[in-house]
Amino acid sequence: MTSVRDISIWHITHDMDERAGGIPAVVRQLSKQLKSKCIDNNILYANGDAGEVQYCSSVKCFPSSGVASSWCYSRGLRSSISEIIGQGRSLCNLMCHIHGVWSAPQYYGALEARRSSVPYLVSAHGMLEPWLWNKQGALKYLKKKLYWSTFAYPAFKHADVIHAITPLEKKHLVELFPASRIEVIPNAIHVPPLQDQALTRPSRRLLFLGRLEPKKGIHLLLEAFSIARIDSDWILDVVGPSWSSKYLSVLKSIVANRKLEKRVHFHDAVFAETKEKLIREAWTMIVPSYSEVVGLVNLEAAVNCTPTITTHETGLYNWADGGGMLVSTDIEAIATAIEDVCNWSADERVSQGLASRKLVEEHYSWQVVLPKWIKLYSSLV
């Protein structure tokens, strides 16, 4: 088995916008951690402002253009990927790690890796979860089905490994890739030493933090908050960029119809220290997603000693073993969980936050997860 330090890894994805979260955040963190072990990292992507990625040897951007820009395609993309893989293959033990499944960089990355006999693995990042197939309308389902059978599956079925983030995602991926090797490695987060500010006495505020889109279940949260039997001084902060003006209007209509204007506050996206302060001061964070693969926001909250209420669909099968709660995507269930957490004493809230942090440290910290990635990469060359 080749030492992983002799490997050069190209992470290939469609978007690396610094503010986007999701895949860009995962790729950044994974690359940074690998670099800390002297493992060569490179990133190839199409869209977004990646900012400075100092822990990568090379960062190549091919902005999408033309009639196929929605596919993150640009003229010369495939030939550039071919050239990069060809040059890298001649110099070292090259490997491609493809993040995502629906765009041109991932598709051509898989084709060129196979053509050059370069090992490659595919992380779907939850993009193939059943909810995203079945709950976005008949037209979108047909378009996905056609693309999947014509392009994506023929390219990705030859991957050396299909990566699942949770055991639940693995269960779904086995149905799509019955003959493939599928390995589970969870998302991870840096867990710094516990600081005094992480134990800030929280306010009587509940928090949703993330993109405002139907998949995230914010409408369920608003309905649940409206019927939860809690004191009227509890506030719900809904923080994040809007997925569409139509969905935002739906959310604001719920607030108006339930007469919650004084108790539900919408905010734009926040970052860095402002984000961490908001998380620390919340009584709890609520992540009522219909479909998620861990979701870094749950981990971020736990690191800041803020417990979360989240759904079974996030794949956090052991979340309730710490200080968090797992519920179904059901208004009544979410309302009951809200009532339970709002009845905690201040000391109980701090205790639950510390338990959440401990769970993340033991199962989702880079100290635990990075060796799994190194072992997997090493097994492919």
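# Two parallel sheets and their helix contacts

Leu299, Ala302 and Val303 in helix α10 meet Gly353, Ser356, Arg357 and Val360 in helix α12, and by class this contact has four nonpolar, two polar and one charged residues. The model in which this contact is found is a predicted one. Its secondary structure comes to 13 helices and 13 strands, among them an open sheet of seven strands and an open sheet formed by six strands. The points below take up the overall dimensions, then each sheet with a helix that lies across its strands, and then the helix pairs.

**Overall dimensions**

- The C-alpha trace of the protein spans about 65 × 45 × 35 Å along its principal axes.
- For a chain of 381 residues, a compact globule would be expected to have a radius of gyration near 21 Å, and the protein, with 21 Å, agrees with that expectation.

**The seven-stranded sheet**

- The strands of this open sheet follow the order β3-β2-β1-β4-β5-β6-β7, and their pairing is parallel.
- The edges are formed by β3 (58-61) and β7 (182-184), each of which pairs on one side only, while the twist from one strand to the next averages 20 degrees.
- Strands of a sheet pair through backbone hydrogen bonds, in either a parallel or an antiparallel arrangement.
- Within this sheet, strand β5 (residues 120-123) and strand β6 (residues 161-164) run parallel and are joined by three bridges; Leu121 stands opposite Val161, a residue of β6.
- Helix α2 (residues 77-91) lies across four strands, namely β1 (7-12), β2 (40-45), β3 and β4 (93-99), and runs at about 145 degrees to β4.

**The six-stranded sheet**

- This sheet is also open, with its six strands in the order β10-β9-β8-β11-β12-β13 and with parallel pairing.
- Its edge strands are β10 (264-267) and β13 (325-327), and each of these pairs on one side only; the twist here averages 25 degrees from one strand to the next.
- At the β13 edge, strand β12 (residues 308-311) pairs with β13 in the parallel sense over three bridges, and the bridge partner of Thr311 is Val327, which lies in β13.
- Helix α10, whose contact with α12 opens this briefing, lies across β8 (205-209), β11 (284-287) and β12, running at about 170 degrees to β11.

**The pair α10 and α12**

- The axes of helix α10 (residues 296-303) and helix α12 (residues 346-363) come within 7 Å and cross at roughly 120 degrees.
- The two helices, α10 and α12, are therefore oblique to each other, and their crossing is left-handed.

**The two contacts of α7**

- Helix α7 (residues 218-227) and helix α8 (residues 245-257) have axes that come within 10 Å and cross at roughly 5 degrees, which makes α7 roughly parallel to α8.
- In this contact, Ile218, His219, Leu222 and Glu223 of α7 meet Tyr247, Leu251, Ile254 and Val255 of α8, and the residues concerned divide into six nonpolar, one polar and one charged.
- The axes of α7 and helix α11 (residues 331-342) come within 8 Å and cross at roughly 55 degrees; α7 and α11 are therefore oblique to each other, and the crossing is right-handed.
- The residues of α7 that make the contact with α11 are Leu220, Leu221, Glu223, Ala224, Phe225 and Ile227, and those contributed by α11 are Ile331, Glu332, Ile334, Ala335, Ile338 and Glu339.
- By class, the contact of α7 with α11 has nine nonpolar, no polar and three charged residues.
- Glu223 of α7 takes part both in the contact with α8 and in the contact with α11.

Terms used: Residues are numbered from 1 along each chain as its sequence is written. This is a predicted model: local features need pLDDT of at least 70, side-chain atom pairs count only at pLDDT 80 or more; totals for chains, interfaces and linings use all residues. Side-chain values use heavy atoms; hydrogens and water are left out. Two strands pair if DSSP finds at least two bridges between them. Axes are lines fitted to C-alpha atoms, for helices over the stretch in contact, and angles run from 0 to 180 degrees between N-to-C directions. Contact means heavy atoms within 4.5 Å. Angles under 35 degrees count as roughly parallel, over 145 as roughly antiparallel, 65 to 115 as roughly perpendicular and the rest as oblique. A crossing is left-handed if the near helix is turned anticlockwise from the far one by less than a right angle, and right-handed if clockwise. Ala, Val, Leu, Ile, Met, Phe, Trp, Tyr, Cys and Pro count as nonpolar, Asp, Glu, Lys and Arg as charged, and the others, Gly among them, as polar. The radius of gyration is taken over C-alpha atoms; the globule rule is 2.2 Å times the number of residues to the power 0.38.
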